Amino acid sequence: MSAIKFELIKKCKQTGARLGIVHTPHGSFETPAFMPVGTQATVKCMSPDELKEIGAGIILSNTYHLYMRPGSELIREAGGLHRFMNWDRPILTDSGGFQVFSLSDLRNITEEGVTFRSHIDGSKHMFTPELAIKIQNDLGSDIIMAFDECIPYPADHDYAKKSMERTTRWAERCREAHKDTEKQALFGIVQGGVYEDLREKSARDLVKLDFPGYSIGGLSVGEPPQDMYRILEYTVPLLPEDRPRYLMGVGSPDYLVEGAIRGIDMFDCVLPTRIGRNGTVMTSEGRIIVRDAKYARDFSPLDPKCDCYACKNFTRAYIRHLLKAQEILGLRLTTLHNLKFLLDLMANVRQAIMEDRLGDFREEFFSSYGYKL
C-alpha cells in the first residue's frame, strides 16, 4: 500500500484545473496547495502554530541542509522530523539534488552519484540515490523525492538527454532502496529541460516505475515563462490522473495560478520568505517594497484586503521603521504576510475551481495584481 492517496474532488469546467485532497500519515491537505519552505526544519521567522493559523496544510524541508546539520541520524534519534520540529501535519522533503548542484562549485557527477564540497566548511561528501533515500527515511517525512539532477538553463539537447536518462536510472535505484512504502511516499521527478521529446521520455519511463506521485523538476530556473507553460501543457497529460503532481520550486503568484490551470496540485518556493526579509511584500494590488522612503508616513496596512496579524495590527510606516531599525519583528511581519497571501491565493484558486470559474478568477487577479494577460 502507498503511504498517500490522492482524492480527486472536481475539475474546473472552464480550465480543466483539478481540486483534490492528498491523504498522508500525518493528515490531509487540499490541492492545489502551496507548501511553505522550512529549509532547516523551520520556516524562517515562523512558529508551527503561526503556520497553522495562516492555513499551511503541508511544509517542505531540505534533505541536503539537514544532512549537513544537525545530521539525519540525530533527527531520527529525536523521533523524526515531525517530533524534532514540533509539526504534526504533513512534511515533504526534497532529495537534496538541487542544493548539491546549486550550492557547490566543486562537484563531480558520475553514474554512482555526485561528489561535492559542503557550502558550510568545504568538507567533501558524496550523495548517491541510496544515501538520499536513507537520509529521508531517517527524517521520516510523509513524501520524499528521488535523487535527480536539475540542469541549468540553457542546456543543450545532448546534455539534457544524458542527464535525464541518468536521473531515470537514479530513480530506479531510489525505488529499490526505499522499503517502507506504507509510511513514506516516494515521488519520481520528470526532467528534460525545455525539450518536449525528453520530457515525454522521462515521464513515460517514470510512470512505468509506478510511483505514488510525480514531480516536475528543472523549471523556473531562468527559462521564459512561455517555455515553462509549454512544457507543463505537454508533460502533465502524460502523468497518471490518480496521482498528485508537484511542480518544484515555483511560488510567484502568476506561476501558481497558471500552474494550477495546467493541472498542477502542489507547489513550493522560498520566494515569500526571502523577499519578505528584504522588505518586499505581495498585496492585492501587486508587490510593494515597504522599506522605500515613500512609506515612511503611510499609516495604512500592508494590504487593506488582508486579514493577517500584520495587516490587522500594524501600518506600513511602522513595519518600515522596524525593517530600517533591523528589528526582528519587522522580518516576522513581512514573512507572515507573504505566506498568508500565497496560502489565501491558493484557497481562492480552489474555490474558483469548485465554482467552475478559474479562468475568470485568473483575469480578475492578474488585472488587480498588475500582471499582463
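Student: Why does C306 count as buried?

Tutor: In this predicted model, C306 has 13% relative accessibility. Buried means under 20% relative accessible area, exposed over 50%, and partly exposed in between, with a 1.4 Å probe and protein chains only. C306 therefore counts as buried.

Student: What makes C311 buried?

Tutor: The relative accessible area of C311 is 8%, so C311 is buried by that definition.

Student: How do you know that C306 is in no disulfide?

Tutor: A disulfide is a pair of cysteine sulfur atoms within 2.5 Å. By this rule the count is 0 disulfides. For C306, the nearest cysteine sulfur belongs to C308 and is 3.6 Å away. For C311, the nearest cysteine sulfur is also that of C308, at 3.7 Å, and C311 is in no disulfide.

Student: Which strands are called edge strands in the open sheet with the order 1-2-3?

Tutor: They are strand 1 (5-11) and strand 3 (27-31), as each pairs on one side only. Strands are DSSP runs (E, at least two residues), numbered from the N terminus, and two strands pair if DSSP finds at least two bridges between them. The sheet has 3 strands with antiparallel pairing.

Student: How do you know that strand 1 and strand 2 pair?

Tutor: Strand 1 and strand 2 (residues 18-24) share 6 bridges in the antiparallel sense; the definition asks for at least two. In strand 2, V22 is the bridge partner of F6.

Student: On what basis are these values given?

Tutor: Residues are numbered from 1 along each chain as its sequence is written, and side-chain values use heavy atoms, without hydrogens and water. Local features of this predicted model need pLDDT of at least 70, side-chain atom pairs count only at pLDDT 80 or more, and totals for chains, interfaces and linings use all residues.

Definitions and conventions:
Helix = DSSP H or I, 4+ residues; strand = E, 2+ residues; numbered from the N terminus.
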